[in-house]
Amino acid sequence: MTSMTMAAAIGAGLRRAMKDDPRVLLMGEDIGRLGGVFRVTDGLLDEFGAARVIDTPLAESGIVGTAVGLAYRGFRPVVEIQFDGFVYPAFDQIVCQVAKLHYRTAGRVRMPVTIRIPWAGGVGAAEHHSESPEAYFVHTSGLRVVAVSDPQDAYMMLRQAIASDDPVVFFEPKRLYHRKGDVDLDADLADAAPMGLARVVREGTDVTLLTYGAQVLTAMDVAVAAEDDGVSMEVIDLRSLSPIDYRTIAGSVRKTGRVVVTHEAPREGGLAAEVIAGVTERCFDYLEAAPARVTGHDIPYPPAKLEKHHLPDLDRILDAVDRVLDRPNSLTGVER
Amino acid sequence: MTYTWTGTADTATDIDDVARLLTARGERIPHPDLDPWVRDVDADMLRMLYRDMTIVRRIDTEGVALQRQGQLGLWAPCQGQEGVQVGTARALRQDDFVFPSYREAGVLYVRGARPGDFTLTWRGEEHSSFDPYELNVATPQIIIGAQTLHAVGYAMGIQRDGDDQVAAAYFGDGATSQGDVNEAMVFASSFQAPVVFVCSNNQWAISEPVTVQGKFPIAGRAPGFGIPSLRIDGNDVLGSLAAMRWALDHARSGKGPAFIEAVTYRMGPHTTSDDPTRYRDKDEVERWRARDPLTRLEAHLRSIDAFDEDFARDVSEAADRFAADMRAACLASPSREPIGVLDHVYAEPHAGLDEQRAQFAAYLDGFGDDQEAKP
């Protein structure tokens, strides 16, 4: 075990994948000499050369579109979109090409493209640097979508994403890049939890709290605070946003009967809506209260000084926990 | 060197400011840049090009007929563009890889597409009726311009494999307005990728004339990206062959990308859903009919005594046979089972879709053996 930041763990995952498979190559803006703006690819240019660590022109559609061509040729490109808000110029290539080519060609062309996206807010960044676009990609058939929340899991899941014959949108919460954790660099991929599974990060009996990405840490804080109130929270990190692991989720909800879902992304059409619909379809008879969601507001991402009012924090989530427990809460008496 | 817009370099009026080897009347004329690339082309080769173009035109006629008869949902005619399609495609090696648009029936034919490959996609049975790795042709692209980036990426892969193949991207004049085509040229130039861009400037992007896409000839853009270009007469199959041989040799020999603007004309509608009489006049169409790629090659073959009635009959019969096979493949194609709609979304199991598949299968099973009632 080695203690390292999540950024370093992801870099180690890239290094390992490149060592394991010579067809893996990296593309992105500033990933070479600079080592990426978050230094995730630090040292990889020296180690693997410019043919496999490609500093690209500043054109996101170009990055993903050329990755499609490389995949046609049998490579396994890993592209870095420098920031979440920069993925939109590549949207067409991702949803119309990367996601569809396997279907379009009846399985003859594979698109093992991994799209890494430094993602979401809470780091005081400028506009376009704190977006949560995950719902767009979850809504796109043909893509797998994952979000990591700790260094060991990031290290393993990135290797799984690269090894997958399907395209994977890989969300890396910027807020956690510098957070350290133990990583077993020699861990065998075969021993890792499959990429599509959710992870119970804390067991509990009263309320199931579902989230992903950096919100997992907030959720853990919620669980500790709730415990002081005598509430036992089960916290689940979804990890995989497509597919969503309803088996694990339903198992938890059947135990607790109460559900809160939280994410940074805006509410309307967001993942919380999807998860709650899925839970309701499967566990309606087990539910003791209407599920609650705590999300970002339905607004463009606010200026940095205001983002703390946008990101669901400990108190807003605890308020929702009160709601599903039918305790007094901010919506008590409010017509809905 | 400075490139500026000038009144004389006008994409609309300068349609004769092109390199060519065969005039509209079929006269072989010299051209210093193109001649070296076709010294080996003899009468037999010219006859093969004529045969290809005739079959492609017949494929197109049959496609339109099948659509009008309700057998195809749509067809994108390529009549008038046989010269650039056949000429450039015949210059390719079989191990080169082509990224075509939806209008490249002639390129598909030359690459070895089977009769059904021309109809099953337009019929709505499949998104792509052939295996890209059998023809070395990517599934035809409908998002205009997207494939140019794929070609550049593929070419970057060729570089990394140390091979000498070339990737070729085919697209229309409308696509040159897209960001992707411009990004493709940036990437191709920056990485010196062995890719050839073939822009078939057929004058019209549905109803929009090429002047809406740019006020300067399209071939004039490539040098701005550091990519050499040729503006050729796309209705001259011999000139198209020569230009493509130049471009391929340039890319294959490690000199980086090359660009061809083939000035041609789409004689029919954009697709069978379109009515070109609403946006272009008859005189224009007739002017272009006089530049037809088939009649000019026929005139040239006659002038060198290489075209007789036996040859004409042989070619015509071959075209009719291909069209009949196309029709038969189209009419005989069985629609896939309902559950097939869920096939091939992912290469590996996906729990969400697997659950939907199980639910849809259970729903379908509810019809029991009553196949008639099955949706």
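The following conversation looks at a predicted model of chains A and B.

Trainee: Let us start where the chains meet. How many residues does each chain bring to the contact?

Mentor: Chain A brings 49 residues to the contact and chain B brings 44.

Trainee: And how much area do the two chains bury between them?

Mentor: Chain B and chain A bury about 3600 Å² between them, and 57% of that area is on carbon and sulfur atoms. The size of an interface is often expressed in this way, as the accessible area lost when the parts come together.

Trainee: How many salt bridges cross the interface?

Mentor: The rule finds 4 salt bridges across the interface of chain B and chain A. One of them pairs Asp161(B) with Arg73(A), with 2.9 Å between the closest N and O atoms. Side chains of opposite charge can pair in this manner when their charged atoms come close.

Trainee: What about polar contacts; how many residue pairs are there?

Mentor: Across the interface, 30 residue pairs are in polar contact, counting pairs in which both residues have pLDDT 80 or more.

Trainee: Which elements of chain B supply at least two residues to that side?

Mentor: They are β1 (97–99), α5 (132–135), α6 (146–161), α7 (179–191) and α13 (351–365) of chain B.

Trainee: Which of them gives the most?

Mentor: That is α6(B), which gives 11 residues to the side of chain B that touches chain A. Sorted by class, this side of chain B has 22 nonpolar, 13 polar and 9 charged residues.

Trainee: New topic: the interior. How many residues are in the largest nonpolar core, and which have the most contacts inside it?

Mentor: The largest nonpolar core has 82 residues. Those with the most contacts inside it are Met27(A) and Tyr72(A) from chain A, together with Val152(B), Val195(B), Phe197(B) and Phe259(B) from chain B.

Trainee: What does Phe259(B) touch?

Mentor: Leaving out residues up to four places away in sequence, the residues touched by Phe259(B) include Phe171(B), Met185(B), Phe197(B), Ile218(B), Leu230(B) and Trp246(B). Apart from the largest core lies another core of 69 residues, and Met53(B), Val98(B), Val237(B) and Leu241(B) are among its members.

Trainee: Back to charges. How many salt bridges are there over all chains?

Mentor: A search of the whole structure finds 47. One joins the side chains of Arg116(A) and Glu80(A), at 2.9 Å from N to O. Arg116(A) lies in strand β5 (residues 114–119) and Glu80(A) in strand β4 (residues 76–80) of chain A, so the pair ties together parts that are 36 residues apart in sequence.

Trainee: Is Arg116(A) buried or exposed?

Mentor: Arg116(A) is buried, because its relative accessible area is 2%, which is under the 20% limit. Glu80(A) also counts as buried, at 3%.

Trainee: What is the N to O distance between Glu172(A) and Arg116(A)?

Mentor: The side chains of Glu172(A) and Arg116(A) meet in a salt bridge at 2.5 Å, N to O. This pair links strand β7 (residues 168–173), which holds Glu172(A), with strand β5, and the two residues are 56 residues apart. Both residues are buried.

Trainee: Which parts of chain B do Arg93(B) and Asp164(B) tie together?

Mentor: The side chains of these two residues meet in a salt bridge at 2.6 Å, N to O. Arg93(B) lies in the loop between α2 (82–91) and β1, and Asp164(B) in the loop between α6 and β2 (167–172), so the pair ties together parts of chain B that are 71 residues apart in sequence. Arg93(B) is partly exposed, at 29% relative accessible area, and Asp164(B) is partly exposed at 36%.

Trainee: Which residues do shared salt-bridge partners join into one network?

Mentor: The network consists of Asp16(B), Arg20(B), Asp233(B), Arg291(B) and Arg296(B).

Trainee: Which residues does Ala24(B) contact?

Mentor: Leaving aside neighbours within four places in sequence, Ala24(B) is in contact with Ala290(B), Arg291(B) and Arg296(B). Ala24(B) lies in the segment before α1 (43–68) of chain B. Ala24(B) and Asp292(B) are 268 residues apart in sequence, and their C-alpha atoms are 7.1 Å apart in space.

Trainee: Last one, on the backbone: which residues does the cis peptide bond at Pro243(A) join?

Mentor: That bond joins Ser242(A) and Pro243(A), with omega about 0 degrees. Pro243(A) is in the loop between β12 (240–242) and α9 (246–256) of chain A.

Note on methods: Residues numbered from 1 in each chain as written. Chains lettered and ligands numbered in written order. Predicted model: local features only at pLDDT ≥ 70, side-chain atom pairs only at ≥ 80, totals over all residues. Heavy atoms only, no water. Contact = heavy atoms within 4.5 Å. Buried area = accessible area lost by both parts, 1.4 Å probe. Polar contact = N/O pair within 3.5 Å; in protein donor to acceptor, adjacent residues only side chain to side chain. Helix = DSSP H or I, 4+ residues; strand = E, 2+ residues; numbered from the N terminus. Nonpolar A, V, L, I, M, F, W, Y, C, P; charged D, E, K, R; others polar. Core = buried A, V, L, I, M, F, W, Y, C linked by side-chain atoms within 4.5 Å. Buried < 20%, exposed > 50% of the residue type's maximum accessible area, 1.4 Å probe, protein only.
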